[in-house]
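Open the model in your viewer and keep the selection box at hand. We will go from one stop to the next, with a short note on what to look for at each.

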Amino acid sequence: MILIACLDDNGGMMFNARRQSKDRLLREHMLRACDGITLWMSPYSAAQFKPNAPVQGDEHYAQLVKETDACFVEDGEFPQSTPDTLLLYRWNRRYPADRYFPFDPIQTGFRLVCTEEFAGSSHDRITVDRYEKEDAV
């Protein structure tokens with residue numbers, strides 16, 4: 001499974017029950033990264049995608065995601081199964097936050113395999129770090 005999240009410089013994900021930021025080109029990048037596999041997320045997250053986007057928004061997405069799927073987490077639960085891959089999109093800014101990414105990838109057995117930067121529609125620079133589980137590499 002691929003687990004996807006958007007983080008600020010402090011690992012923040014949300015503030016006051018709202019996402020910190022959003023970006024159209026980041027969403028396009030995310031869809032390309034998940035091409036050919038099911039991308040699960042909450043209805044709140046799915047609402048920012050175009051109606052015909054290949055995403056599955058469901059209140060119970062954390063229980064529905066399979067090992068061969070991807071899961072974008074903003075406002076809901078994290079899946080119980082351990083992902084093989086993490087895609088952590090970074091805003092390269094500090095925002096107010098009250099919800100944080102719950103673990104450090106390196107300390108939990110992931111290895112950074114690549115970093116990519118691209119210009120977003122609302123951010124001059126977005127960074128995506130791809131981590132893979134050590135035993136999956």
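**Stop 1: a buried charged pair**

Select Glu74 and Arg19, which are both buried. This is a predicted model, so read each stop as a description of that prediction. The two side chains form a salt bridge, with the closest N and O atoms 2.9 Å apart. Now colour by element of secondary structure. Glu74 lies in the loop between β6 and β7 and Arg19 in strand β3, so the salt bridge ties together parts that are 55 residues apart in sequence.

Keep Arg19 selected and add Tyr44. The charged end of Arg19 sits over the ring of Tyr44, 4.2 Å from the ring centre. Arg19 thus appears in two contacts: the salt bridge with Glu74 and the placement over Tyr44.

**Stop 2: the sheet around β2**

Stay with β3 and widen the view. An open sheet of 3 strands runs in the order β3-β2-β8, and its pairing is antiparallel. β3 (18-19) and β8 are the edge strands, each pairing on one side only. Strands of a sheet pair through backbone hydrogen bonds, so show the backbone here.

Next, select residues 12-15, which make up strand β2. Between β2 and β8 there are 2 bridges, in the antiparallel sense. Which residue of β8 stands opposite Gly12? Select Tyr100: Gly12 faces this residue.

Move on to Asn16, in the loop between β2 and β3. Its phi is near 55°, a positive value in a residue other than glycine. Is Asn16 buried or exposed? At 53% relative accessibility, Asn16 counts as exposed, because the cut-off for that class is over 50%.

**Stop 3: the phenylalanine cluster**

Select Phe78, Phe101, Phe103 and Phe110. Ring pairs link these four residues into a cluster. In the structure there are 4 aromatic pairs by the ring criterion. One of them is Phe78 with Phe101, an edge-to-face pair at 5.8 Å centre to centre, with 75° between the planes. This pair links distant parts of the chain, 23 residues apart. Phe78 is in the loop between β6 (70-72) and β7 (85-90), and Phe101 is in the loop between β8 (99-100) and β9 (110-118). Both Phe78 and Phe101 are buried.

How are the rings of Phe103 and Phe110 arranged? Their centres are 6.3 Å apart and their planes at 25°, so the pair is stacked. Turn on a surface and look at these two again. Phe110 is buried, with a relative accessible area of 4%. Phe103 is partly exposed, at 24%.

**Stop 4: an acid without a salt bridge**

Select Asp69, in the loop between α3 (61-64) and β6. Asp69 is buried yet has no salt bridge. Add Lys66 to the selection. Lys66 is the nearest side chain of opposite charge, 5.3 Å away. That distance is outside the salt-bridge limit, because the limit is within 4 Å. What does the side chain of Asp69 reach? Show backbone atoms: the side chain reaches the backbone nitrogen of Lys66 at 2.9 Å.

**Stop 5: salt bridges further along the chain**

How many salt bridges does the whole structure hold? A search finds 5. Two more are worth a selection.

Pick Arg90 and Asp129. Their side chains meet in a salt bridge at 2.9 Å, N to O. Arg90 is in strand β7 and Asp129 in strand β10 (residues 126-133), so far-off parts of the chain are linked, 39 residues apart. Asp129 counts as buried, at 8% relative accessibility.

Then pick Arg125 and Glu117. This salt bridge comes in at 3.0 Å, N to O. Check the surface again. Arg125 is partly exposed, with a relative accessible area of 38%. Glu117 is partly exposed too, at 48%.

**Last stop: another positive phi**

Finish at Asn92, in the loop between β7 and β8. Phi of Asn92 is near 60°, a positive value in a residue other than glycine. Asn92 is partly exposed, with a relative accessible area of 22%.

Notes
Residues are numbered from 1 along each chain as its sequence is written. This is a predicted model: local features need pLDDT of at least 70, side-chain atom pairs count only at pLDDT 80 or more; totals for chains, interfaces and linings use all residues. Side-chain values use heavy atoms; hydrogens and water are left out. Rings of Phe, Tyr and Trp (its six-membered ring) pair if their centres lie within 6.5 Å; planes under 30 degrees apart count as stacked, over 60 as edge-to-face and the rest as tilted. Helices (H or I, at least four residues) and strands (E, at least two) are DSSP runs, numbered from the N terminus. Buried means under 20% relative accessible area, exposed over 50%, partly exposed in between (1.4 Å probe, protein chains only). A charge sits over a ring if NZ of Lys or CZ of Arg is within 6 Å of the ring centre and within 35 degrees of the ring normal. Two strands pair if DSSP finds at least two bridges between them. Lys and Arg count as positive and Asp and Glu as negative; His and the chain ends are not counted. A polar contact is a pair of N or O atoms within 3.5 Å; within protein, one must be able to donate a hydrogen and the other to accept it, and residues adjacent in sequence count only if both atoms are side-chain atoms.
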